Each structure stands twice: as structure tokens, then as C-alpha cells.
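Let's walk through this model together, from the overall layout down to single residues. Keep the viewer open as you read.

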Amino acid sequence: MTESAVVTGTDWRAWQESWDRQQEWYMPDREERFRVMLDMVEAFAGPEPRVLDLACGTGSITDRLLRRCPKAESVGVDLDPALLAIAEGTSPGTGASPSSPPTSWTRTGPRRSRTPRTTRC
């Protein structure tokens, strides 16, 4: 886990739940979409899938994946360090550990290039 998620007394689960509630305003059928997506993952890859969660945000999808498929492996990638800190903070005990992406994983655009941070779940 990175330093960003190692903050004593932080209730990371509450932060993730708050984010999920906020996101439901934008996508009211969000839970149903997550369920269908995980149904497809399990149907395609079985009960121990290896998943790359791009733009993982707070780790909401990975969290649901690991509750549903405890032997799954998921790598989350996100550019937002605050959201990734929440993802890292909610994943203790799941085998999560941060990893650095290859230096070739960069995003270019109108702003300066940034390398995404990752968390391994």
C-alpha cells in the first residue's frame, strides 16, 4: 500500500460508500450494470478471473468482484491519486498491493503527461 492510503483513523470504506452514492445520481442503474458486467466476467473467465480495472476510481468494481469471486485477481489503474488512495484503503486483507505501471503507460493531451498509478488487488 502506498503512503497515500496509510493514514491512521481514515474510514476508507465510508469514503468509498460516499463516492458510490454520489455516482448513483449519474447512473441510477449502476448496480445492475456492475452485476451484468461481473456475470459476463465470470461466464467468460470462471470463478478465478484476472481482471484489469481501467479507471478503477475508488475500487468499487474490484470490491464487488472480490466479494463475488474471492480467488479473483484484479489490477486497478487510475490517474486520480485521491480515488486510488480510497481504493487502496478499502482493500487491506485482499492481497492488494500497489505497483507501478510501465513507463510507456502515459496519457498525453492538453495538459502535461502523467503516468497512471496502479493498485494490485
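The paragraphs below go from the whole chain to its helices and then to a few individual residues.

What you see is a predicted model, and its secondary structure comes to four helices and four strands. Reading from the N terminus, the elements follow the order α-α-β-α-β-α-β-β. The protein chain has 121 residues, of which 34% count as buried. Its exposed surface is about 7,700 Å², and carbon and sulfur atoms supply 57% of that area. If you look at the contacts with a sequence separation of 6 or more, 64% of them are between residues 24 or more positions apart.

Before going into detail, a look at confidence is worthwhile. The mean pLDDT of the protein chain is 77, and 69% of the residues reach 70 or more. Which elements have the lowest and the highest mean pLDDT? Strand β3, residues 97-99, has the lowest at 42, while α2 has the highest at 94. Around that strand, pLDDT stays under 50 over residues 95-100, a stretch for which the model has 16 contacts beyond four places in sequence. Residues 107-113 also have pLDDT below 50, and there the model has five contacts beyond near neighbours in sequence.

Now turn to helix α2, which spans residues 30-45. From the first C-alpha of its 16 residues to the last, α2 reaches 22 Å, close to the 22 Å expected at 1.5 Å a residue. Which residues of α2 are buried? Arg30, Phe34 and Leu38 are. Because they cover an arc of only 65 degrees around the axis, they lie on the same side of α2. On the other side of α2, Met40, Ala43 and Phe44 are exposed. The cover over the buried residues of α2 includes α1 (12-26) and α3 (60-68). Just past the end of α2 comes Gly46, with a positive phi of about 85 degrees.

Helix α4, residues 81-89, gives another picture. Seven of its nine residues are buried, so α4 is largely enclosed by the rest of the structure. The buried residues are Leu83, Leu84, Ala85, Ile86, Ala87, Glu88 and Gly89. At the start of α4, Asp80 places a side-chain oxygen within 2.8 Å of the backbone nitrogen of Ala82.

Three of the residues in α4 are worth a visit. Leu83 sits in helix α4 and has a relative accessibility of 14%, so it counts as buried. What does Leu83 touch, apart from its neighbours within four places in sequence? Its contacts are Trp19, Gly57 and Thr58. Thr58 is 25 residues away from Leu83 along the chain, yet their C-alpha atoms are separated by 4.8 Å. Ala85, also found in α4, counts as buried because its relative accessibility is 5%. Between Ala85 and Thr58, which are 27 residues apart along the chain, the C-alpha separation is 7.5 Å.

Ile86 is the third stop in helix α4. With a relative accessible area of 8%, Ile86 is buried. Beyond its neighbours within four places in sequence, Ile86 is in contact with Trp12, Trp15, Gln16 and Thr58. The C-alpha atoms of Ile86 and Trp12 are 5.6 Å apart, although 74 residues separate the two in sequence. Thr58 therefore makes a good residue to click on, as it appears among the contacts of Leu83 and among those of Ile86.

Next, find Ser74 in strand β2, residues 73-78. Is Ser74 buried or exposed? Ser74 is buried, since its relative accessible area is 0%. Its side chain is joined to that of Thr62 by a polar contact of 2.8 Å.

The last stop is Ala55, in the loop between β1 (50-54) and α3. Most residues other than glycine have a negative phi. Ala55, by contrast, has a positive phi, near 55 degrees. With a relative accessible area of 64%, Ala55 is exposed.

Conventions. Residues are numbered from 1 along each chain as its sequence is written. This is a predicted model: local features need pLDDT of at least 70, side-chain atom pairs count only at pLDDT 80 or more; totals for chains, interfaces and linings use all residues. Side-chain values use heavy atoms; hydrogens and water are left out. Buried means under 20% relative accessible area, exposed over 50%, partly exposed in between (1.4 Å probe, protein chains only). Helices (H or I, at least four residues) and strands (E, at least two) are DSSP runs, numbered from the N terminus. A polar contact is a pair of N or O atoms within 3.5 Å; within protein, one must be able to donate a hydrogen and the other to accept it, and residues adjacent in sequence count only if both atoms are side-chain atoms. The expected span of a helix is 1.5 Å times one less than its number of residues. The arc is that of the directions from the helix axis to the C-beta atoms. Contact means heavy atoms within 4.5 Å. Accessible areas come from the Shrake-Rupley method with a 1.4 Å probe; for residues, only the protein chains shown count as cover. pLDDT is the predictor's confidence in each residue, from 0 to 100.
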